[in-house]
Amino acid sequence: MEKDKVKFFDRMKSNEYYVRWLKNPFTYVTAAVLLALFQIVTLAVTKNAWGVSGAFAVWGAWLYQGIGGNVDKWYYFASDSAQATLNNGILNHPDSWRNFGIIFGALAATLLASGFKFKKIKSIKQVFAATIGGLLMGYGARLAFGCNIGALFGGIASLSLSGWIFGIGMFFGAVVGSKLLVKYFM
Amino acid sequence: MGEQNTSTPSRRSAAPRKKKKNQIPLGFLTVGIIIVIAILLNTVSSTVSFYWLTGSIFGFILQKGRFCFTASMRDPYLTGSTSVTRAVIITFAITTIGFSAIKYGYASSGQSIPGMSSVVPISLATVIGAFLFGIGMVIAGGCASGTLMRVGEGFAMNALAFFFFIVGSLWGAHDFGFWKEKFISNGVTVFLPDVFGWIGAVVLQLLVLLTLYIVAEKYEKKRNSSHNL
Amino acid sequence: MKEVMLDCFGEACPVPLIKTQNKLKELEIGDVLIVQIDHSCAMKNVPEWARTEGYNVEVEEVDDGEWEVIIEKNK
């Protein structure tokens with residue numbers, strides 16, 4: 001039984017539909033269209049655009065509370081809705097689960113293409129890059145009300161000028177980041 | 001599909017071929033886990049379950065497409081390539097049409113427009129925040145969605161970036177009061193249909209996106225031809 | 001007609017592509033560069049770049065999540 005099951009999945013590797021849809025990458029255009037489709041679905045169903053970075057601030061608050069900190073006096077968390085979010089816990093926080101979903105969806109895609117490999121950190125430069133890069137993204141996203149998904153994608157698609165301003169700022173940041181990357185982190 | 005070559009070079013690598021493990025069963029197992037969790041979450045809240053499912057779909061699409069917003073902004077400068085840039089423009093154009101149709105539907109029947117939380121005040125905080133974000137995403141090797149995607153792909157470096165993204169977010173939330181008082185509260189909120197009307201705003205935005213697309217394509221061709229000289 | 005290996009395992013985007021571009025500049029016509037990659041973005045953007053440059057490119061999957069991009073500098 002076990003051997004038949006294994007042979008089934010081995011034969012799948014050469015199945016035409018497996019190769020076209022699960023093995024091979026999508027073209028950029030295919031992915032572009034699909035992302036637009038599900039972003040529109042998101043607005044239609046949830047009444048808000050897709051957002052990623054908002055949840056990170058909530059996770060940060062929960063972790064901070066976990067080690068004895070308190071965010072209730074902070075302007076960011078002082079509003080009734082923010083307090084409700086913090087108090088209702090992670091099971092009632094949809095944004096958190098959408099982010100977890102992204103991780104699992106990507107994992108599923110990688111495994112289905114039989115392409116998963118755990119990639120360790122290679123050098124101390126990578127540690128600095130990940131640390132500094134992560135901090136900058138987190139801080140910047142709070143100032144700008146979102147990240148590449150919430151502020152840029154959501155903002156522009158929502159016909160808000162803020163999305164375009166974010167895009168311009170992000171572009172110049174990317175240029176500077178590229179120079180720094182090549183000079184210090186490669 | 002084009003992953004396997006246009007013309008074959010003369011030899012193959014002599015690196016020893018390990019027997020590849022077939023991970024497809026694990027892939028289906030993961031899909032099964034996603035579905036089971038969706039069902040379990042649905043007992044708590046159908047909203048949370050929906051978000052989990054759409055998140056999984058987004059993660060799947062992003063990974064299969066190697067779709068990276070970071071690359072869309074970084075590659076034109078660093079490598080001269082604008083293929084991801086142009087794909088992002090396509091996404092924005094299609095979504096603009098879909099979003100505007102939904103929003104106009106609500107507006108024209110007198111109901112409150114969904115998704116207005118994406119229309120935020122523009123101030124120095126926006127510019128600085130976006131600038132910092134842009135630097136960070138290139139250095140960290142992934143933007144917000146890209147970081148999550150790569151955690152799912154098994155990159156330890158992006159998992160580390162993910163942790164510090166959370167820390168940075170907390171820090172930003174801590175300082176937000178300062179930015180709000182000094183800059184954001186003086187900011188201007190511009191919802192394009194208020195300025196150009198609904199049709200005007202949509203047409204204008206699509207024209208801008210179309211122009212950017214053409215510029216991006218020409219730019220890539222120009223950078224390539226100057227390479228080959 | 002040399003064959004050169006370029007180990008880019010564990011490198012973050014866009015490092016494999018930049019290293020590939022720099023290495024190819026050093027090689028002579030007829031040389032073959034084999035880039036070892038385990039980053040899914042690079043597995044797409046390195047061959048894409050090499051093909052727009054006009055080189056002969058072949059991509060081989062050597063293990064789960066590991067690829068070799070074989071680029072022949074033919075011009």
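This is a short talk about a three-part subject: chain C, its contact with chain A, and the contact between chains A and B.

Hi everyone, and thanks for coming. A word on the model before we look at it. It is a predicted one, where local features need pLDDT of at least 70, side-chain atom pairs count only at pLDDT 80 or more, and totals for chains, interfaces and linings use all residues. Residues are numbered from 1 along each chain as its sequence is written, while chains are lettered from A and ligands numbered from 1 in the order in which they are written.

Let's start with chain C. It has 2 helices and 4 strands; here helices (H or I, at least four residues) and strands (E, at least two) are DSSP runs, numbered from the N terminus. Along the sequence the pattern reads β-α-β-α-β-β.

How are the 4 strands of chain C ordered in their sheet? The order is β1-β2-β4-β3, in an open sheet with mixed pairing; two strands pair if DSSP finds at least two bridges between them. At the edges stand β1 (3–7) and β3 (56–63) of chain C, each with a single partner strand, so one side of each has no neighbour in the sheet. On average, neighbouring strands are turned by 20° against each other, direction ignored. For angles, axes are lines fitted to C-alpha atoms, for helices over the stretch in contact, and the values run from 0 to 180 degrees between N-to-C directions.

Now the pairs themselves. β1(C) runs parallel to β2 (residues 32–37) of chain C, with 5 bridges, and C:V4 sits opposite C:L33 in β2(C). β3(C) and β4(C) pair in the antiparallel sense over 7 bridges, and here C:E58 has C:I70 as its bridge partner in β4(C). These two strands make a hairpin with 2 residues between them, and C:G65 in the turn has a positive phi of about 75°.

What about the helices? Helix α2 (residues 40–52) of chain C lies across β2, β3 and β4 of chain C, at about 160° to β3(C).

As for overall size, a compact globule of 75 residues would have a radius of gyration near 11 Å, and chain C agrees because its value is 11 Å. That radius is taken over C-alpha atoms, and the globule rule is 2.2 Å times the number of residues to the power 0.38. Of the 75 residues, 52% count as buried, meaning that 20 or more other C-beta atoms lie within 10 Å of the residue's own (12 or fewer is exposed, in between is partly exposed, and C-beta atoms are placed from the backbone).

On to the partners. Chain C and chain A each bring 11 residues to their contact; two residues are in contact if their C-beta atoms, placed from the backbone, lie within 7 Å. α1 and α2 of chain C each supply at least two residues of the side facing chain A. By class, that side has 3 nonpolar, 3 polar and 5 charged residues. Ala, Val, Leu, Ile, Met, Phe, Trp, Tyr, Cys and Pro count as nonpolar, Asp, Glu, Lys and Arg as charged, and the others, Gly among them, as polar.

Finally, chain B gives 114 residues and chain A 112 to their contact. Helix α7 (residues 156–182) of chain B gives the most to chain B's side, with 21 residues. By class, that side has 73 nonpolar, 34 polar and 7 charged residues.

Thanks for listening!
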